[in-house]
Amino acid sequence: KATEKIRIEIISLGLTASRIASDETIQRLFVECRLYNLIAEETPLSLPKPTGGQRIHYNYSNVIYVDKANNSARREYLKSMLLKPDQHTDSLRFTVVTDPPEDEQELECEDIGFAYVSLREIFQKQRDVIEQDLDVYDAEDDSAVIGKLKVTVEALHALRSIYEECQHD
């Protein structure tokens with residue numbers, strides 16, 4: 001079925017005035033998206049860190065297939081998430097990661113911030129997340145917001161389909 005997928009689009013990133021914005025060792029950023037421990041995707045390019053008030057545009061789109069035939073593990077995970085809310089994390093996690101400069105490849109990639117989209121919330125509200133700005137929380141201080149990540153997450157059709165299947169099992 002064509003609906004058996006979750007489409008994720010990482011559109012753009014802007015930073016607030018924070019330790020990240022002022023840290024000169026942080027020059028290039030990419031974004032990773034992870035569904036639980038099942039799948040991780042990252043933007044193919046790291047982009048120069050945006051400066052005050054600007055945004056960098058990834059315009060990266062990816063599809064996670066959750067059809068029964070080929071992706072039953074992902075499907076089972078989503079099923080259990082919908083049926084047993086307390087047992088799993090229900091969010092897609094977006095991680096903003098620094099990419100070391102070309103001339104300093106010995107430096108490690110480092111997670112600098114996290115943003116989340118709750119798949120359960122999409123299902124409960126019966127509404128996909130379309131071009132929404134998410135708060136990006138500092139990896140070292142999860143009460144501090146270091147920026148905004150604009151994303152689209154289209155998951156409602158797949159979640160409805162999985163939920164309906166649960167009702168028939």
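## G14 in strand 1

G14 is buried, with a relative accessible area of just 8%; the cut-off for that label is under 20%. This glycine belongs to strand 1. In space, its C-alpha lies 8.7 Å from that of K49, and 35 residues separate the two in sequence. Keep in mind that everything here comes from a predicted model.

## How far to trust the model

The protein chain has an average pLDDT of 88, and 95% of the residues score at least 70. Where is confidence lowest and where is it highest? The low end is strand 3 (residues 39-42), with a mean of 82, and the high end is strand 8, at 96. As a rule of thumb, where pLDDT is low, the predicted coordinates should not be read in detail.

## Strand pairing

Strand 9 has two partners to look at here. Strand 1 (residues 5-15) runs antiparallel to strand 9 (residues 141-154), and eight bridges join them. If you want a spot to start from, E9 sits opposite T152 of strand 9.

Strand 8 is also antiparallel to strand 9, again with eight bridges between them. Here D133 has K150 in strand 9 as its bridge partner. These two strands make a hairpin, with two residues between them.

Then there's strand 2 (residues 28-35), which pairs with strand 3 in the antiparallel sense over four bridges. L35 faces I39 of strand 3 across that pairing. The hairpin of strand 2 and strand 3 has three residues between the strands, and Y36 there takes a positive phi near 50°. For anyone reading side chains off these strands: in a regular strand they alternate between the two faces of the sheet.

## The largest pocket

If you're hunting for pockets, the largest one has a volume of about 200 Å³. Which elements each supply at least two residues of its lining? They are strand 7 (110-118), helix 3 (119-125) and strand 8 (129-138).

The lining residues are Y116, V117, S118, E121, I122, K125, R127, D128, V129, Q132 and L134. Sorted by class, that gives five nonpolar, two polar and four charged residues. Strand 8 thus turns up twice in this report, because it supplies at least two lining residues of the pocket and is joined to strand 9 by eight bridges.

## One aromatic pair

How many aromatic pairs does a search of the whole structure find? The count is one. It is made by F123 and Y163, with 4.8 Å centre to centre and 50° between the planes, so the pair is classed as tilted. That class covers planes that are neither under 30 degrees apart nor over 60. The pair links distant parts of the chain: F123 is in helix 3 and Y163 is in helix 4 (residues 156-168), 40 residues apart.

Are the two rings' residues buried or exposed? F123 has 15% relative accessibility and therefore counts as buried, whereas Y163, at 30%, counts as partly exposed.

## Q167 in helix 4

Q167 is another residue of helix 4. With a relative accessibility of 49%, Q167 counts as partly exposed, because the exposed label needs a value over 50%. Measuring C-alpha to C-alpha in the model, Q167 and L134 are 32 Å apart, with their positions 33 residues apart in sequence.

Note on methods. Residues are numbered from 1 along each chain as its sequence is written. This is a predicted model: local features need pLDDT of at least 70, side-chain atom pairs count only at pLDDT 80 or more; totals for chains, interfaces and linings use all residues. Side-chain values use heavy atoms; hydrogens and water are left out. On a 1 Å grid over the protein atoms alone, a cavity is a set of points where a 1.4 Å probe fits but cannot get out, and a pocket is an open set with protein on both sides within 12 Å along at least five of seven lines; lining residues have an atom within 4 Å of a point. Grid points are joined across faces, edges and corners, and a volume is the space filled by probe spheres set on the points. Ala, Val, Leu, Ile, Met, Phe, Trp, Tyr, Cys and Pro count as nonpolar, Asp, Glu, Lys and Arg as charged, and the others, Gly among them, as polar. Two strands pair if DSSP finds at least two bridges between them. Rings of Phe, Tyr and Trp (its six-membered ring) pair if their centres lie within 6.5 Å; planes under 30 degrees apart count as stacked, over 60 as edge-to-face and the rest as tilted. Buried means under 20% relative accessible area, exposed over 50%, partly exposed in between (1.4 Å probe, protein chains only). pLDDT is the predictor's confidence in each residue, from 0 to 100.
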